[in-house]
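Colleague: I would like to go through this model with you, one question at a time. Please give the reasoning before each answer.

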Amino acid sequence: YSDSTYASMVTGGIVLAVTGWSAWIWLIFNDLPTVPNRWIFFALLHIAMTGTALPFVQFLNLRFARRGREVSADTLLREAVFISLFVTLCAWLQIPRLLSVPLALILFGALAGIEILLRLRESTRWRPQ
């Protein structure tokens, strides 16, 4: 896809990251940890991590993609959301002290497996050109 799509993905990631992190930090320093604020905490963490991961995911896909096998913007966003989901799940499991290294590896493996299967499905689709 075009250079303007790459630029818009980076710009969108930066806007998401700055907005998410600033709201997340404001929430931590200015509110008490009540139940609704905890849900807002996780939602803002998810938004901030998606925005942070988006430029890195795009760079890695640009750097390691085969020629002619560029991925779509939907795939880049989905991969950033999966990274963000992993971080948010780890933070959520850390509250009751349930997070361990084996559990984090299982979560990572499950999300990576889902992404591999989705990419395999995308690569086998017929696209007339």
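**Contacts, core and surface**

Modeller: Leu 111 is a residue of helix H4. Bear in mind throughout that the model is predicted.

Colleague: Is Leu 111 buried or exposed?

Modeller: The cut-off for buried is under 20% relative accessible area. Leu 111 has a relative accessible area of 13%, so Leu 111 is buried.

Colleague: How many Å apart in space are Leu 111 and Glu 79, C-alpha to C-alpha?

Modeller: Leu 111 lies in helix H4, while Glu 79 lies in helix H3. In sequence Leu 111 and Glu 79 are 32 residues apart, and in space their C-alpha atoms are separated by 9.5 Å.

Colleague: Which residue forms a salt bridge with Glu 79?

Modeller: The closest N and O atoms of the pair are 2.5 Å apart, and the partner of Glu 79 is Arg 119. Glu 79 lies in helix H3 and its partner in helix H4, so the bridge ties together parts that are 40 residues apart in sequence. Glu 79 is buried at 14% relative accessible area, whereas the partner, partly exposed at 29%, is Arg 119.

Colleague: Which residues are joined with Arg 78 into one network?

Modeller: The side chains of Arg 78 and Glu 115 meet in a salt bridge at 2.9 Å, N to O. That pair links helix H3, with Arg 78, to helix H4, with Glu 115, across 37 residues. Arg 78 also meets Glu 122 in a salt bridge, again at 2.9 Å, and here the two residues are 44 apart along the chain. Salt bridges that share partners thus join Arg 78 into one network with Glu 115 and Glu 122.

Colleague: How many salt bridges does the structure hold?

Modeller: One is formed by Glu 79 and Arg 119. Arg 78 takes part in a bridge with Glu 115 and in another with Glu 122. The count for the structure is three.

Colleague: Which helix gives the most to the largest nonpolar core?

Modeller: The largest nonpolar core has seven residues: Met 9, Ala 53, Leu 54, Val 57, Val 71, Leu 76 and Ala 80. Helices H2 (35-64) and H3 each supply at least two of them. With three residues, the helix that gives the most is H2.

Colleague: How many Å separate the C-alpha atoms of Ser 123 and Val 71?

Modeller: Val 71 belongs to the largest nonpolar core. Ser 123 lies in helix H4 and counts as partly exposed at 37% relative accessibility. The two residues are 52 apart along the chain, and their C-alpha atoms are separated by 9.6 Å.

Colleague: What is the accessible area of the nonpolar patch formed by Ile 25, Ile 28 and Phe 29?

Modeller: One member, Ile 28, is placed in helix H1 (residues 3-30). Ile 28 is partly exposed, with a relative accessible area of 40%. Together, Ile 25, Ile 28 and Phe 29 have an accessible area of about 320 Å².

Colleague: Which residues gather with Arg 125 in a patch of positive charge on the surface?

Modeller: Arg 125 is found in the segment after H4. Its relative accessible area is 47%, so Arg 125 is partly exposed. The residues that gather with Arg 125 in the positive patch are Arg 66, Arg 69, Arg 121 and Arg 127.

Terms used: Residues are numbered from 1 along each chain as its sequence is written. This is a predicted model: local features need pLDDT of at least 70, side-chain atom pairs count only at pLDDT 80 or more; totals for chains, interfaces and linings use all residues. Side-chain values use heavy atoms; hydrogens and water are left out. A salt bridge is a side-chain nitrogen of Lys or Arg within 4 Å of a carboxyl oxygen of Asp or Glu. Helices (H or I, at least four residues) and strands (E, at least two) are DSSP runs, numbered from the N terminus. Buried means under 20% relative accessible area, exposed over 50%, partly exposed in between (1.4 Å probe, protein chains only). Patches are made of residues with over 30% relative accessible area and no salt bridge: like charges are joined within 9 Å, nonpolar side chains (Val, Leu, Ile, Met, Phe, Trp, Tyr) within 5 Å. Accessible areas come from the Shrake-Rupley method with a 1.4 Å probe; for residues, only the protein chains shown count as cover. Lys and Arg count as positive and Asp and Glu as negative; His and the chain ends are not counted. The place of a charge is taken as NZ of Lys, CZ of Arg, CG of Asp or CD of Glu. A nonpolar core is a set of buried Ala, Val, Leu, Ile, Met, Phe, Trp, Tyr and Cys residues joined through side-chain atoms within 4.5 Å.
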